[in-house]
Amino acid sequence: MFFGFLYFFVPLAATFFFSLHGKRGVLGFAAYRRVFADPQFLTTFTFSFEMAVCTIVVGLALIIPTVIWIHLRAPWAKPIVETFSLLPFVIPPIVLVFGLIRMYSAPPFQLVSSPALLVAGYVVLAFPYIYRAVDAGLRAMDLRGLTEAAQSLGAGWGTIMFRIVLPNMRVSLLSAAFLTFSIVIGELTLAVMLAWPAFGPYMALVGRDLAYEPTALAILSFLLTWGLIGLIQFASRSLVSQGSAVGGAH
Amino acid sequence: MAFLELNGVVKRFGRLAVVDGFDLAVEEGEFVSFLGGSGCGKTTTLRMIAGFETPSEGSIRIDGTEIVPVAPNRRGVGMVFQNYALFPNMTVRRNIEFGLKVARWNPAEARQRVDEMLALIHMEDLAERYPHQMSGGQQQRAALARALAVRPRVLLLDEPLSALDAKIRGQLRTEIRAIQQKLGITTIYVTHDQEEALSLSDRIVVMRTGRIEQVGTPFEIYNRPANAFVASFIGQLNVLDATVLDPALGRLAVAGQEVRAAGPVAAALGQPVKLSLRPEMLSLETGDSAANQLDGTLANIVFLGSIVRLVIGIGGREIFLDRFNAPHLALPAVGTAVRLGFPREACLVTGGEPAAEAEPALSKAI
Amino acid sequence: MTDRPAGPRGALTARPSSSPRRAWLGIVPFALFALAFMILPASSILLGSFQDEHGAFTLANIAHLARPDILKCYLVTIQVSAVTAVAGGLFGLLLAFSVTLGGLPKALRSGLLTFSGVASNFAGVPLAFAFIATMGRVGIVTVILKTVFGVNLYEHGFNLYSFWGLCLTYLYFQLPLMVLIITPALDGVKKEWREASESLGASGFQYWVHIALPILAPPLLSSMILLFGNAFGAYATAYALTGGLLNLVPILIGAQIQGDVLHDPNLGYALAFGMVVVMTACILAYTALQKRASRWLR
């Protein structure tokens, strides 16, 4: 246990320490200031941020109705969809992006230069996590019981969706959103291969040229991820679900 | 000297005494039940005998030897758990064999012993099954056989039937008792189900909040409860408000009528007390002049199958009168006045609220 | 943007029975998406590995996988994955054990699980940077070891940018992943089993050998297989750490995509195909073992 702590915390501590060496001989946040001053930092971060939001919106819009439909009308489809959630493991990002490029670089589906392809790829990457979060949320609320009760009271589907189902899923929606966000922000493979000015490639670039800024970035990204996951854990304490955030961003 | 003795056993968690002074002497071959609600300390006491909890104070002896300092795997005490706890990676045969393997039995003898056990629980053809392939009842029988295979000195059962459904519970109950009697093994059985305790035990220990309320045979516990708690815990009980008219003669006033207890009542003149009556002790025949009589109104008739229950209102309370069903039963109409009769021995007089405190019985039923 | 037909919400009615045809409707959007962005790209890779530059069918690409340098590449990748799977598996097990069956306080348990949740995602570029800052040539630990303890890591042959350095870095997300996966299995070990075995006379050692280990073996194995697959497919960390120098299959594939000296997309497809084969084998083994595990640990 003790060695576990050592192993985990030493690199973090070292990185933080390293990042404070912005100016020669002085311990300070100079590196951080330079990072924030770099215009590229803002542009790439903003780009990734936008991509993350798009991914969240598209992903949720696609998956929530599907999962609800499966729960209510097509339970037989559940194993099929669950198998698909294993797909991003079997087809790692590097292979996925390869396939995407091959398929969509020529007419009639020339999507390679469109950010839509990136978003689609991100949705595929985030799909297992979003699916699991939404599924857990729906299971926890006895979807069938609630919808049938609402229907017997005369509610239409619009009301059911927006006044009953979605509000009761707040926690899992948040969880899915935060998780997707953290995946997309740091994602490298798809962004590099599809040649987009995203945050991941930016960090890699910085790492190639500069010495201390990369570590500052690493600390920032770690804090961001930690903060998001921490929020998820905090929010999901009301949802008794296990194993929420699993996996590695490749 | 008894075979299993517990003396002054106390178990504290922090400052809370979960078991507070437990004394019991169990003879060899006896079947004793620990009966009580949840939190009464019965399971903790059992686990102390098994060795999974250590007493804060007191001693536990088996056959004269103190076992508290002995590790659980050396006590020779077998245990059957509520959730069976069969080893999922082993067949029934291997499960039963496990204790024998650990004790380094000769393989041929071990095999024979396992066959004996399988025959005892009537599961010879299920020997090669895995736990997840069997029903709850089958698993529990296998767990029993596993515990008995090593010939333990004492057999402990921790609510073994709670996880099973009612029908299986009934069947397994009789099976367990039959096996226990056949093998003559000293047994402690923890349960919260009074029917189980009554039907299985040689003696029952009724417990509440870590203390023993009463120890006795099922007959004694039911018919001569030591206090209001035991009386209300076991079986159905009718409770009426009464006032003492004459302590020495045991005369009480109930709803403006007079009732006589079987003996003197240990209460002051005019003291409000509770009169408790078993439903089966009441009857609509009032012939015997020495018996008590009470007038009331028939509020409802409930048909429970073999029992017909008459709900009668007396003095603002409702009491039950149970009688056996008969094809040509002639019963009064609901709403009419009825007269009840009951012997003086049926009166149990207690000083306060029946189930809340351990009020000692104020009268002795002979 | 991807076109999405109007969602199935409008199509849902309160009819008690749904004809199979209508039930299909709701799955359509997802099915389209899965088709377009999961199935088709994957199959196009599959197809591509059997085609040459002119699109004709050929087995040459697969044959090329047998080239010694490619085989070496696979070997190295397998080695990295195996090492981190086993090491991450064992240490992760120890860590998880200490907070479940080992009886450390509950607060430590939730702390460990939360941290594992974060750390298992902390792969890729930031992780590489963190390790460079720690164990790189001028990393903090390297420097401390040199100045305070007089031990020069790099002179002793250690190199962060080598096989073992990569393994060490990968462990940072493998270990937490193991903790997360194996904790539910450890929770499923009922304490009554231990008590039953004690009441039957068994010692602690006998309990572990005959009962606990056989029960935990399938989930342990399946978790390690999952870890293996996780490491095998990892790209970003290796890329950020070594800039594409290390001889790993994902890096090689990446090079084919980006067009390097050996630019041969069809080879790349074959490589990708090989990788998918490995991953599929992993996931099949994992599911098979999990089925067995869940039966016993229910």
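Starting from the N terminus, chain A reads α-α-α-α-α-α-α-α-α-α-α-α. That is 12 helices and zero strands. Bear in mind that this is a predicted model. Chain B mixes its elements, with eight helices and 19 strands, and it also makes a contact with chain C.

**Chain A**

- Half-buried is a fair tag here: 50% of the 250 residues of chain A count as buried.
- Take the contacts in chain A between residues at least 6 apart in sequence, and 75% of them join residues at least 24 apart.

**Chain B overall**

- The C-alpha trace of chain B spans about 75 × 50 × 35 Å along its principal axes.
- Chain B has 366 residues, and 40% of them count as buried.
- For contacts in chain B with a separation of 6 or more, residues 24 or more positions apart account for 65%.

**Where chain C meets chain B**

- On the chain C side the contact takes 17 residues, and on the chain B side 19 residues.
- Three helices of chain C, namely α8 (191-199), α9 (204-232) and α12 (265-296), each supply at least two residues of the side that touches chain B.
- Of the side of chain C that touches chain B, α8(C) gives the largest share, with six residues.
- Sorted by character, the chain C residues on that side come out as eight nonpolar, four polar and five charged.

**Two backbone spots to look at in chain B**

- As background, most residues other than glycine have a negative phi.
- B:Asp63 goes the other way: its phi is near 55 degrees, a positive value in a residue other than glycine.
- You'll find B:Asp63 in the loop between β4 (57-62) and β5 (65-66) of chain B.
- B:Asp63 has 15 other C-beta atoms within 10 Å, so it counts as partly exposed; the buried class starts at 20 or more, and the exposed class takes 12 or fewer.
- B:Ala255 also has a positive phi, near 50 degrees, and again the residue is not glycine.
- The loop that holds B:Ala255 lies between β12 (251-254) and β13 (257-260) of chain B.
- With 16 other C-beta atoms within 10 Å, B:Ala255 is partly exposed as well.

Key:
Residues are numbered from 1 along each chain as its sequence is written. Chains are lettered from A and ligands numbered from 1 in the order in which they are written. This is a predicted model: local features need pLDDT of at least 70, side-chain atom pairs count only at pLDDT 80 or more; totals for chains, interfaces and linings use all residues. Helices (H or I, at least four residues) and strands (E, at least two) are DSSP runs, numbered from the N terminus. Two residues are in contact if their C-beta atoms, placed from the backbone, lie within 7 Å. Ala, Val, Leu, Ile, Met, Phe, Trp, Tyr, Cys and Pro count as nonpolar, Asp, Glu, Lys and Arg as charged, and the others, Gly among them, as polar.
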